[in-house]
Amino acid sequence: MFHLATKEQWQSLFKISDQIKNNTPWKRFRNNEIIAVYKDGTDEPIFYSILGEENDHCGVSVYFGYQALAGFFQLLQFGSEIPFSALIAYQNCLTVYYSSRASLGNGDLSSIELAEYQPQVGPLGYPFFRSYIPGYAPWYLEPSEVDRLTGALNDLYTGLQLLEKKAVDANYKNQECLCFHQLSDGSWEVLAEKLPVFSVEYQTLQFEDELFIARLKKLPKTARSIELDINYLPNPLTAKYGFRPIFPRICILADHDGGFIENQQVLEEQQDHHKVLIEMLLESIRENGRPRLIIIRSGTLRYLLEDLCKKTGIQLEERTNLEIIDDFMGLLGNFPPIN
């Protein structure tokens, strides 16, 4: 069930949103320039991307922790033209936008009415808010998200005020970013530091059943090349187990040399997509023999397939594009797919 934030919660969020807007951080920062806030007693920093290069709106996206920031870096690889499919897969943040009334939905107008908020004059006079979670449609904020975004914007505003008193410049071309640190005594300092070095760890799937592997290795080795991918269908559906619309996942196996889709399966909401993909691959191997090559998208399924391929003598290759699967997904939704 979707719960509504209270009048007081919305009023606090609109208040700090106006303070951020009046500071006009988009005049100083570009979309790809990260700001980090480190608070005493927290495990991971909060990261901010300032939105201001578009003509019709500005805003601030807030990424809570390294996992969310990793998705942001994935989106940066697309440049200024980010496919909607990439947003489905990687966007993981809370965002305040500033735009005209025409950009608002019914939920945005309801929050403005509840908060008794008076929009400001100008093209950026209407703030509105969105929650992004991978695999789900962009949505209005839940009460806990209202509080979370309010707190994060307050921290950003504190840092921006500090920056006005102590001018610090970060060399973003040299992988630096501006960092606001809250110290143990509650005071703040601003520094230009290297972007934090981190990695998002995925546990490699290990195949320990030696008899199972031996049986696979007895199957004939073929010259086939296949493509494997897990993707999202382009049209959201009403969720069975929640209020928020979801984009269904689809597992796809394609014959790369033959140029056709060999198998595909649209997943139910709570199905294990990794398990479905492995079963799809194993079914193909049993019917057709071991392929010479499995092609996957760069940075996606290696942790799932690397051990199996190594133990069964199958070459695993990462590529930016999957020729057959990309064409198939383009027909479905008229946009290039992404995991």
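How many helices and strands are there in the chain? There are 9 helices and 12 strands, and this is a predicted model throughout.

**Figure 1. The whole chain, before we zoom in.** The C-alpha trace spans about 70 × 40 × 35 Å along its principal axes. Of the 339 residues in the chain, 48% are buried. Take the contacts between residues at least 6 apart in sequence: 65% of them join residues at least 24 apart.

**Figure 2. Phe 47 and Tyr 66, a tilted aromatic pair.** Searching the whole structure turns up 11 aromatic pairs, and here is one of them: the rings of Phe 47 and Tyr 66 sit 5.8 Å centre to centre, with 50° between the planes. Phe 47 belongs to strand E2 (residues 46-51) and Tyr 66 to helix H2 (residues 66-76), so this pair ties together parts that are 19 residues apart in sequence. As for the surroundings, Phe 47 is buried, at a relative accessible area of 0%, while Tyr 66 is partly exposed at 21% relative accessibility.

**Figure 3. Phe 207 and Phe 212, a stacked pair.** For these two rings the centre-to-centre distance is 6.2 Å, and the planes make an angle of 15°. Phe 207 is buried, its relative accessible area being 12%. Keep Phe 212 in mind, since Phe 212 turns up again among the contacts of Leu 282.

**Figure 4. More rings: an aromatic cluster and an arginine over a ring face.** Trp 10, Phe 14, Tyr 117 and Phe 129 come together as one aromatic cluster. Elsewhere in the rings' story, Phe 64 has Arg 148 lying over its face, 3.9 Å from the ring centre.

**Figure 5. Helix H7 packing with helix H8.** Two packed helices are described by the angle between their axes and the distance between those axes. For H7 (residues 273-288) and H8 (residues 302-312), the angle is about 35° and the axes are 11 Å apart. The crossing of H7 past H8 is right-handed. On the H7 side, the contact is made by His 274, Leu 277, Ile 278, Leu 281 and Leu 282; H8 brings Tyr 303, Leu 304, Leu 305 and Leu 308. Sort the residues of this contact by type and you get 8 nonpolar, 1 polar and no charged.

**Figure 6. A closer look at Leu 282 in helix H7.** Is Leu 282 buried or exposed? Leu 282 is buried, with a relative accessible area of 8%. Setting aside neighbours within four places in sequence, Leu 282 is in contact with Phe 212, Leu 216 and Leu 308. Glu 164 is another matter: Leu 282 and Glu 164 are 118 residues apart in sequence and 60 Å apart in space, C-alpha to C-alpha.

**Figure 7. Thr 24 and Gln 175, two loop residues with positive phi.** Most residues other than glycine have a negative phi. Thr 24 has a positive phi, near 50°, and lies in the loop between helix H1 (7-23) and strand E1 (34-38). Thr 24 is partly exposed, at 25% relative accessibility. Gln 175 also has a positive phi, near 65°. Where does Gln 175 lie? Look in the loop between helix H5 (143-165) and strand E6 (176-182). Gln 175 is partly exposed as well, with a relative accessible area of 47%.

Methods:
Residues are numbered from 1 along each chain as its sequence is written. This is a predicted model: local features need pLDDT of at least 70, side-chain atom pairs count only at pLDDT 80 or more; totals for chains, interfaces and linings use all residues. Side-chain values use heavy atoms; hydrogens and water are left out. Rings of Phe, Tyr and Trp (its six-membered ring) pair if their centres lie within 6.5 Å; planes under 30 degrees apart count as stacked, over 60 as edge-to-face and the rest as tilted. Helices (H or I, at least four residues) and strands (E, at least two) are DSSP runs, numbered from the N terminus. Buried means under 20% relative accessible area, exposed over 50%, partly exposed in between (1.4 Å probe, protein chains only). A charge sits over a ring if NZ of Lys or CZ of Arg is within 6 Å of the ring centre and within 35 degrees of the ring normal. Axes are lines fitted to C-alpha atoms, for helices over the stretch in contact, and angles run from 0 to 180 degrees between N-to-C directions. A crossing is left-handed if the near helix is turned anticlockwise from the far one by less than a right angle, and right-handed if clockwise. Contact means heavy atoms within 4.5 Å. Ala, Val, Leu, Ile, Met, Phe, Trp, Tyr, Cys and Pro count as nonpolar, Asp, Glu, Lys and Arg as charged, and the others, Gly among them, as polar.
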